[in-house]
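Let's take a walk through this structure together, following a helix and its charged contacts before turning to the cysteines. Please keep the 3D view open as you read.

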Amino acid sequence: MASIPLSPLNGRSPKASPPHLSFISNGNSNSSSIRNLTLSFNSFSIGITPPKSKSRRRRVGVFVCSRAAASVVFRNLDADDFRHPLDRQNTLLLRAIPGLNDIGKALLGTVAEQVMLLENIGTSVLVTENQLPELHSLMIEASNILNIEAPDLYVRQSPLPNAYTLAIGGKKPFVVVHTSLVELLTRKELQAVLAHELGHLKCDHGVWLTFANILTLGAYSLPGLGGLIAQRLEEQLFRWLRAAELTCDRAALLVAQDPKVVISVLMKLAGGCPSLADQLNVDAFLEQARSYDKASSSPVGWYIRNAQTRQLSHPLPVLRAREIDEWSRSQEYKSLLQRAIPVNSVQRVAV
């Protein structure tokens, strides 16, 4: 959401990448990704030959948007109904930073916003009822379930599996999905990613992310203590970002209503590809998560774990998987499901 890119898979921020609040990351984001960025962007073009995998061949024909999640919606759903406790706690900490709102607004001008907007919509394909209607149906359905107005959806050519959200002042927010992500995920998994991005909009995450990022950029340019101030803000920013991601994984589960779908997304982003998709095992990935918890439970392991994650923009995939698995079995999640209202929304979309 009109923010600085923090989560490319390789830990570097390509100059061509637009500012975003991203779902996809293996956690390899570091502080230099903020310091090296400016608000000017260069368009780019990357050609990709889509892999001829079995999963791709199965998509030819008629897509049936029929599943458990499609049969319910959540009326009067509030962001705090599913917000992660760490998200709530760290948002309060951000709000406690004196003058953050005013400084952020001053640093982010209308010209920068326009650059962000044109860079994204000028290099992508707008999804509508007549353009990639299957993806349009997934977005509309996820928005209805979460009780939020559907943003615009764009598909952008890129070999980096990613999805992100932007909200420009006075403009309709929009979500961008990279083509490589579409190739990597099933339709249910892709909808879970869209729901994750909708979670950012539902919780107004982009506002704080934008202000904190721009403030950090500005602080680095100050002489003397500017670097120290920015470093402190960075640590707080990354702590909040990791908590916000856990909240939006919950939004993904509310739409998918199957924890294995959400966990499968995280597993594929950690080490999946179309040719191996049918061999991946969600239960084995959860066991891997439990082994990580066990290995990091000692005092030394705890220290190493914190050192590994302190400057990451996203929690480690195994930790996100464990979190969503635990929440799926919680009374809080079950109570939310009881509030769901059944609807009939089976649709057939020609592809």
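What follows is a short tour of a predicted model.

A good place to begin is helix α14, which covers residues 317–328. Its twelve residues reach 17 Å from the first C-alpha to the last, close to the 16 Å expected at 1.5 Å a residue. This helix is mostly covered, with ten of the twelve residues buried; among them are R320, R322 and W327.

Two of those arginines lead us to other helices. R320 forms a salt bridge with D249, and their closest N and O atoms are 2.8 Å apart. This contact links distant parts of the chain, since D249 sits in helix α10 (residues 226–256), 71 residues apart from R320 in α14. Both partners, R320 and D249, are buried. The side chain of R322, in turn, meets that of D293 in a salt bridge of 2.9 Å, N to O. Here the link runs between α14 and helix α12 (residues 282–295), with the two positions 29 residues apart in the numbering. R322 counts as buried at 16% relative accessibility, whereas D293 is partly exposed at 21%.

These belong to a count of 15 salt bridges. Another one joins K172 and D152 at 3.5 Å, N to O. K172 lies in the loop between β6 and β7 and D152 in strand β5, so this pair ties together parts that are 20 residues apart in sequence. Elsewhere, D80, R83 and D87 are linked in a network of salt bridges.

And the cysteines? The disulfide count comes to zero. For C248, the nearest cysteine sulfur belongs to C203, 5.4 Å away. C248 is buried, with a relative accessible area of 0%, while C273 is partly exposed at 26%.

Key. Residues numbered from 1 in each chain as written. Predicted model: local features only at pLDDT ≥ 70, side-chain atom pairs only at ≥ 80, totals over all residues. Heavy atoms only, no water. Disulfide = S-S within 2.5 Å. Buried < 20%, exposed > 50% of the residue type's maximum accessible area, 1.4 Å probe, protein only. Helix = DSSP H or I, 4+ residues; strand = E, 2+ residues; numbered from the N terminus. Expected span 1.5 Å × (residues − 1). Salt bridge = Lys/Arg side-chain N within 4 Å of Asp/Glu carboxyl O.
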